[in-house]
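Here is my note on the model you sent. Please read it with the structure open beside you.

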Amino acid sequence: MAASTTSLKLDEEIKGKIRRLAEARRRSAHWIMREAIEQYVDREEKREQFRQSAIAAWNDYQATGLHVTATEADAWLARLEDGEDVDPPPPECHG
């Protein structure tokens, strides 16, 4: 994948922090900034996927009314944590 140049303005304080961190890690300031941006974008993409999944689940609930209670989910998770079954089925959704 071809890289392209992007410029951004940073205040002197953050530039100094990046420079010091780069020296401590024996990396270039460029590497530190790329790594920071990559990690941020990856994290935010995951958050957005989670948010979209929650919206879809809410819309599905609104349309069907199907759900499991917190008590039912907690009991199932407790069985998993206790190792009772390797693959217990999750509780059935109900209206």
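1. Salt bridges first. A salt bridge here is a side-chain nitrogen of Lys or Arg within 4 Å of a carboxyl oxygen of Asp or Glu. The structure holds five of them. One of these links E44 and R43, with the closest N and O atoms 3.5 Å apart. Please bear in mind that this is a predicted model: local features need pLDDT of at least 70, side-chain atom pairs count only at pLDDT 80 or more, and totals for chains, interfaces and linings use all residues. Residues are numbered from 1 along each chain as its sequence is written, and side-chain values use heavy atoms, with hydrogens and water left out.

2. Follow E44 further. R47 also forms a salt bridge with E44, and here the closest N and O atoms are 3.1 Å apart. Salt bridges that share partners thus join R43, E44 and R47 into one network. R47 and E44 are three residues apart in helix α2, about one helical turn. Helices are DSSP runs (H or I, at least four residues), and strands are too (E, at least two); both are numbered from the N terminus. An α-helix has 3.6 residues a turn, so residues three or four places apart point the same way.

3. How open is this network to the outside? Three classes are used: buried is under 20% relative accessible area, exposed is over 50%, and partly exposed is in between (1.4 Å probe, protein chains only). R47 is exposed, at 52%. R43 is partly exposed, at 40%. E44 is partly exposed too, at 25%.

4. Now look at α1. Which residue forms a salt bridge with E13? The partner is K17, and the closest N and O atoms are 3.7 Å apart. The two sit four residues apart in helix α1, so they are separated by about one helical turn. E13 is exposed, with a relative accessible area of 56%. K17 is partly exposed, at 42%. R19 is found in helix α1 as well. R19 is partly exposed, with 44% relative accessibility.

5. Check the loop after α1. R26 is found between α1 (12–25) and α2 (29–64). The phi of R26 is near 55 degrees, a positive value in a residue other than glycine. R26 counts as exposed, at 78% relative accessibility.

6. Do the helix lengths make sense, and what is expected of them? The expected span is 1.5 Å times one less than the number of residues. For α2, with 36 residues, that gives 52 Å, and the end C-alpha atoms are 52 Å apart, which agrees. For α3, with 13 residues, the reach from first C-alpha to last is 18 Å, close to the 18 Å expected.

7. Look at what comes next in each case. α2 is followed by G65, with a positive phi near 75 degrees. α3 is followed by G83, whose phi is also positive and near 75 degrees.

8. Turn to the surface patches. Patches are made of residues with over 30% relative accessible area and no salt bridge; like charges are joined within 9 Å, and nonpolar side chains (Val, Leu, Ile, Met, Phe, Trp, Tyr) within 5 Å. Accessible areas come from the Shrake-Rupley method with a 1.4 Å probe, and for residues only the protein chains shown count as cover. L8, I37, Y40 and V41 make a nonpolar patch of about 390 Å². Of these, I37 lies in helix α2.

9. There is a charged patch too. E81, D82, E84, D85 and D87 form a negative surface patch. Lys and Arg count as positive and Asp and Glu as negative, while His and the chain ends are not counted. The place of a charge is NZ of Lys, CZ of Arg, CG of Asp or CD of Glu. D87 sits in the segment after α3 (70–82). D87 is exposed, with a relative accessible area of 69%.

10. Last, compare sequence separation with distance in space. Y61, in helix α2, is 34 residues from G95 along the chain, and their C-alpha atoms are separated by 9.3 Å. H94 lies in the segment after α3. H94 and T64 are 30 residues apart in sequence and 9.4 Å apart, C-alpha to C-alpha. Y61 and H94 are both partly exposed, at 35% and 29%. R19 and N59 are 40 residues apart along the chain, with their C-alpha atoms separated by 47 Å.
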